[in-house]
Amino acid sequence: PPDFTYCFLPAHIIMIHYSPTAKTLALLPKFTGFLSFLGSTFIFQDVVIHRKTVHRVYHRLVFGLSCSDMIASIVNILSTWPIPEGSDGVYLASGTTQTCTAQGFFNELGNLATPLYNASLCVYYVLVIRDGWKEDQIRTTAEPLMHLIPITVAFSIAILGIPFTLYNNSGWLCWIASYPGKCEGDTCTRGVHANIFRWVHYAIIWSAILSVTVGMYSIYRKVRDEERIQSQENDEDAVRRGVKSKKVAIQAGLFVGALYLTWIFTTITRIYQITTGNGNFVLLLLMAIFFPLQGFFNCIIYLRPRYLRTKSRNRDAPMRRLLYLSLYHESHPIHGLQLNRSDSGEGDTNGYRLRPRETDEEWRRRRSSTASFYSIRNSGRKPVPRLNDTDDASCAINTVMAVASVSDYKNTKSNETEAQDDAMVAVEESSVDSDVMEALEESSVDSDAAVPPPAVQEMVDK
C-alpha cells in the first residue's frame, strides 16, 4: 500500500535526513509541555473560576505562578516550529527570524518569572510559619514586592534581548544564543553578547533557588524547635499547632523539590554546552523531559492535600475514583457534602464548614425543633406588640430571632477550637491552603475568649 507518512511535511524536511537526537528534542517537549500546560491551566481555573475572586495572598501568588508557567509551557509545546525554516539539523523548523524572536522573548519571560514566583511563594510560607505574620500584614507590606520583583525582572531581561538580537536557534527552541552557531565576537551576525546574558539568566534563576533553599531551611528549623518544645511541655494546643505547621512545611518543601527537579538538568546542560561547545544527548534528553514539566509538578502538589482529604472520607474507594474526586472542589455536589456557616466565620471554604449532606427530613426536624424552642407563643409569654426598629424592645426581639437563626452553633469554647482546626485543615485541601494564615492568627488569640455568633454580633453592633 502507498505510504502517506510524509505527504503533509515540507519538502526540505522530506529530503533531509535528521538524526534521532534532533527528532527527539523536537517532539518530546511538545508532550511534556502539554502536560505542564494542562496542570497550570487547572490551577488557574481552580483559583479564579471556583473562587470567583482571588481574595487571599496565597491564591494570588499561585495565580501569578500559573500564568508564568502557562507562557513557558506554550513555548515548549511549539519547540522547533518557530525556528527559521532550513536551519541545519533542526527537525520541523518552519518559522522565520521574527517568529524565533517572539518565541525567545516569551521563553525568557516565562522561565524567569516562574522560579521568581516560586521564591515569592516560599517567602509567604516563611512569613506565615516562621515569623507568624498575619494576612493583612503580608498583604500590605510584603505582597506588592512578591509580585513586583518577578514581573519587573522577567520583563526587563526579556525586553533587553530584543535590541541585542539575542533570540536565536538554541537547539530545540529559540532562546539566548549566538548566530551562526559557535561564532565568536565580530563573526556573529546576531547575539554577540549571548554568553553574558546566559550567565545573567542563570544567576537570577539560581539566586531564586538558593533563596528558596534558605527559606525552607529556616522553616525546617522552626518546625523542629516547635516539636522539641511540644515534647517538653506536653501541651495539646501546642502539639496541634506543631502538627499543622509541619504539614504546611511539607507542602512548601514539595514546591521547592519541583523547582529543583525542573532546573537542575537544564542548568547542567547549559553549563556543559558553554564550557565544552558541544551537547550531550543524555543531558539534553533529561532537560527535554523535566524542564517543561514544572506546571504538571505544581498541579500534583497543589492537588495532593485535596487528595488526602478525599481519601480520608472514602477509605474503600479505588485510587482512580479518588483521583477523579480530587479534581473537583469540595463544595461540588459530587463529594456529597454541604456548606454550613461555621461558628467562628472561618472554615474549610471561605468561612463555611463542609459536612455530610443532610436529608430533607433531617432538615425539617432540625428547623422544627429550633422554631419550637425559641417560639414566644409556646413559652407562655404574651405576644409583644410590634415596635419600631429603633426601640429597645424591638432590638430585643430581633436579637432573639437572630439567636434562633444560629441555634445550631455549639458552645463558644469548643467552637473556637474547631475553628482553628478547620482553618489549618487547609493544608489538607489545596483550594484553601491560604487559610493556614488564619489558623496561625487564631492560635495567638486566647481560646477562652467568648465569640458571639455572627448574627447576634451583627444585632449588637447595630
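# Getting to know the helices, the core and a few unusual residues

Colleague: At what angle do H2 and helix H9 pack?
Modeller: A word first: this is a predicted model. In it, H2 and helix H9 (residues 294-313) have their axes 6 Å apart. The angle at which these two helices pack is about 45°.

Colleague: Thanks! Are H2 and H9 parallel or oblique to each other?
Modeller: The pair packs at about 45°, and angles under 35 degrees count as roughly parallel. H2 passes H9 in a left-handed crossing. The two helices are therefore oblique.

Colleague: How many charged residues are in the contact of H2 with H9?
Modeller: On the H2 side, the residues that meet H9 include Leu35, Phe42, Ile43 and Asp46. On the H9 side, Phe296, Tyr302 and Arg306 are among them. By class, this contact has 8 nonpolar and 6 polar residues, and the number of charged ones is 2.

Colleague: H2 has another partner, H8. Are H2 and helix H8 roughly parallel or roughly perpendicular?
Modeller: The axes of helix H2 (residues 20-48) and helix H8 (residues 281-290) come within 8 Å and cross at roughly 20°. That makes the two helices roughly parallel.

Colleague: How many nonpolar residues does the contact of H2 with H8 have?
Modeller: Here Thr21, Thr24, Leu25, Leu28, Pro29 and Thr32 in H2 meet Phe281, Leu284, Leu285, Ala288 and Ile289 in H8. None of the residues in this contact is charged, and 3 are polar. The number of nonpolar ones is 8.

Colleague: Could we look at one residue there? How far apart in space are Leu28 and Ile289, C-alpha to C-alpha?
Modeller: Leu28 is found in helix H2. Leaving aside neighbours within four places in sequence, Leu28 is in contact with Leu285, Ala288 and Ile289. Leu28 and Ile289 are 261 residues apart in sequence, yet the C-alpha to C-alpha distance in space is 7.0 Å.

Colleague: Is Leu28 buried or partly exposed?
Modeller: Buried means under 20% relative accessible area. Leu28 has 24% relative accessibility, so it counts as partly exposed.

Colleague: Let's move to H3 and H5. Is their crossing left-handed or right-handed?
Modeller: The axes of helix H3 (residues 57-78) and H5 come within 10 Å and cross at roughly 15°. H3 and H5 are therefore roughly parallel to each other. As for handedness, their crossing is left-handed.

Colleague: How many charged residues take part in the contact of H3 with H5?
Modeller: Val57, Arg60 and Leu61 in H3 meet a set of H5 residues that includes Glu135, Arg139 and Glu143. The contact of H3 with H5 has 4 nonpolar residues and 1 polar residue, and the charged ones number 4.

Colleague: Is Glu143 buried or exposed?
Modeller: Glu143 has its place in helix H5 (residues 135-160). Not counting residues up to four places away in sequence, Glu143 touches Val57, Arg60 and Ile138. Its relative accessibility is 7%, so Glu143 counts as buried.

Colleague: Stepping back, which helix gives the most to the largest nonpolar core?
Modeller: The largest nonpolar core has 67 residues, and those with the most contacts inside it are Tyr58, Tyr124, Tyr125, Ile138 and Ile219. The top contributor, with 15 residues (its own span is 97-130), is helix H4.

Colleague: What share of the residues in the protein chain is buried?
Modeller: The protein chain has 15 helices and 4 strands. Among its contacts between residues at least 6 apart in sequence, 67% join residues at least 24 apart. Of the 462 residues in the chain, the buried share is 45%.

Colleague: Now for the unusual spots. Which peptide bond is cis?
Modeller: Most peptide bonds are trans. The cis bond has omega near -5°. One of its residues, Pro180, has its place in the loop between strand E2 (174-176) and helix H6 (194-233). The bond runs from Tyr179 to Pro180.

Colleague: And what is phi of Ser79?
Modeller: Most residues other than glycine have a negative phi. Ser79 sits in the loop between H3 and H4 and is buried, with a relative accessible area of 0%. Although Ser79 is not a glycine, its phi is positive, at about 45°.

Notes. Residues numbered from 1 in each chain as written. Predicted model: local features only at pLDDT ≥ 70, side-chain atom pairs only at ≥ 80, totals over all residues. Heavy atoms only, no water. Axes fitted to C-alpha atoms, helices over the stretch in contact; angles between N-to-C directions. Parallel < 35°, antiparallel > 145°, perpendicular 65-115°, else oblique. Contact = heavy atoms within 4.5 Å. Nonpolar A, V, L, I, M, F, W, Y, C, P; charged D, E, K, R; others polar. Core = buried A, V, L, I, M, F, W, Y, C linked by side-chain atoms within 4.5 Å. Buried < 20%, exposed > 50% of the residue type's maximum accessible area, 1.4 Å probe, protein only. Left-handed = near helix turned anticlockwise from the far one by under 90°.
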